[in-house]
Amino acid sequence: MTASKSPIMRLYHTGFFKLPHPDVHYGRPNADFGQGFYLTADQDFALRWSRENPEKDTFVNEYDLNTEGLCILSLERDQQWFDYLYANRNFLPDQYAEFDVIVGPIANDTIYDTFGIITSGMLSKENSLKLLQVGPQYRQIALKTERAVKQLTWLSARELSHEEMQGYHETVRVEEAAFQENFAKELERLTRED
C-alpha cells in the first residue's frame, strides 16, 4: 500500500509584520515569479534571508497551505524557468497567469549577467545555461491568486532577535562569497570550452 502525499505544505515568510492575512497584490510586480506572496518550505532559508530595520521588528510567519484543488506550476533551473524570470523582471505579461501557485528555484544575482552572456554569443546557449546551475538551489513558493491565499492558514509569528539574524546573515555572506568564486571559475572554464 502506498501512502498518499499530504495536500498540506508547511511554509514560512519573514518580514517586518505578523501576516495572518497576506495580500497577493502587495509587493514588486517584477519579482522572480511576478506579483504574489512569496514563501518557502525551508525554515532555515527563510531565517537566513531575514532583513533588519532599526525602527521595526522582524518576524518569521508560519503557515499551512492546503494545495488541494489549486493549479500549481513547478519549475526547475532550466530554460523555461529562466525565460519566465527574465520576462517577469522586465515587466512582460505573466505567461503563467492561470496558475494559483508557482514553485521553483530562487534566481541568484547573476541572472542578468547570464542572460547577457547568452545573448552576446560569448558562450553557446547550452554552456550559458550551465551557469544557472552554479550555487545552492533554494526553492520559493509564490501564491499568485486570491484562491491560493484563501487556502493558506496562518499558524504563528515569532520575533527574531538582532543576534539571531546576525548569525544567519554571516552564513549568507560566506555562502555568497563562495558562490561568486565558483561562478567566476565556471564562467572561465565554459569560455575556454566554447
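The largest nonpolar core of this structure has 16 residues, and those with the most contacts inside it are Phe 33, Leu 73, Leu 75, Trp 81, Tyr 84, Tyr 96 and Ile 102. A nonpolar core is here a set of buried Ala, Val, Leu, Ile, Met, Phe, Trp, Tyr and Cys residues joined through side-chain atoms within 4.5 Å, and buried means under 20% relative accessible area, with exposed over 50% and partly exposed in between, for a 1.4 Å probe and protein chains only. The largest share of this core, four residues, comes from helix α2, residues 79–89. A second, separate core of 14 residues includes Val 24, Val 103, Ala 148 and Leu 152.

Before going further, the reader should know that this is a predicted model, in which local features need pLDDT of at least 70 and side-chain atom pairs count only at pLDDT 80 or more, while totals for chains, interfaces and linings use all residues. Residues are numbered from 1 along each chain as its sequence is written, and side-chain values use heavy atoms, with hydrogens and water left out.

Ile 102 of the first core touches Phe 33, Leu 73, Leu 75, Tyr 84, Tyr 96, Gln 140, Ile 141, Ala 142 and Lys 144, if residues up to four places away in sequence are not counted; contact means heavy atoms within 4.5 Å. Ile 102 is also the bridge partner, in β5, of Leu 73, and this leads us to the sheets. Helices (H or I, at least four residues) and strands (E, at least two) are DSSP runs, numbered from the N terminus, and two strands pair if DSSP finds at least two bridges between them. In general, strands of a sheet pair through backbone hydrogen bonds, either parallel or antiparallel.

One open sheet is formed by four strands in the order β2-β6-β5-β4, and its pairing is mixed. Its edge strands are β2 and β4 (72–74), each of which pairs on one side only. Within this sheet, three bridges join β4 to strand β5 (residues 101–105), and these two strands run parallel.

Another open sheet has three strands in the order β1-β3-β7, with antiparallel pairing. Because β1 (8–15) and β7 (152–160) stand at the edges with a single partner strand each, one side of each is left without a neighbour in the sheet. Neighbouring strands of this sheet are turned by 20° against each other on average, direction ignored, where the axes are lines fitted to C-alpha atoms, for helices over the stretch in contact, and angles run from 0 to 180 degrees between N-to-C directions. Strand β3 (residues 58–66) is joined to β7 by eight bridges, the two running antiparallel, and Tyr 63 stands opposite Trp 154 in β7.

Val 24, already met in the second core, has its place in the loop between β1 and β2 (37–39). Its relative accessibility is 2%, and therefore Val 24 counts as buried. Among the residues that Val 24 touches, not counting those up to four places away in sequence, are Phe 37, Leu 143, Thr 145 and Val 149.

The aromatic side chains give a further view, since a search of the whole structure finds eight aromatic pairs. Rings of Phe, Tyr and Trp (its six-membered ring) pair if their centres lie within 6.5 Å; planes under 30 degrees apart count as stacked, over 60 as edge-to-face and the rest as tilted. Phe 45 and Trp 49 form a tilted pair, 6.1 Å centre to centre with 50° between the planes; at 9% relative accessibility Phe 45 counts as buried, whereas Trp 49, at 30%, counts as partly exposed. Tyr 96 and Phe 99 form an edge-to-face pair, 6.0 Å centre to centre with 70° between the planes. Together, Phe 33, Tyr 38, Tyr 84, Tyr 96 and Phe 99 form one aromatic cluster.

Finally, helix α6 (residues 162–193) has 32 residues and reaches 46 Å from its first C-alpha to its last, close to the 46 Å expected at 1.5 Å a residue; the expected span is 1.5 Å times one less than the number of residues. Buried residues of α6 include Met 165, Tyr 168, Val 172, Phe 179 and Phe 183. The C-alpha atoms of Phe 183 and Leu 131, 52 residues apart along the chain, are separated by 6.9 Å. Leu 131 lies in the loop between α4 (125–130) and β6 (139–143), and with a relative accessible area of 0% Leu 131 is buried.
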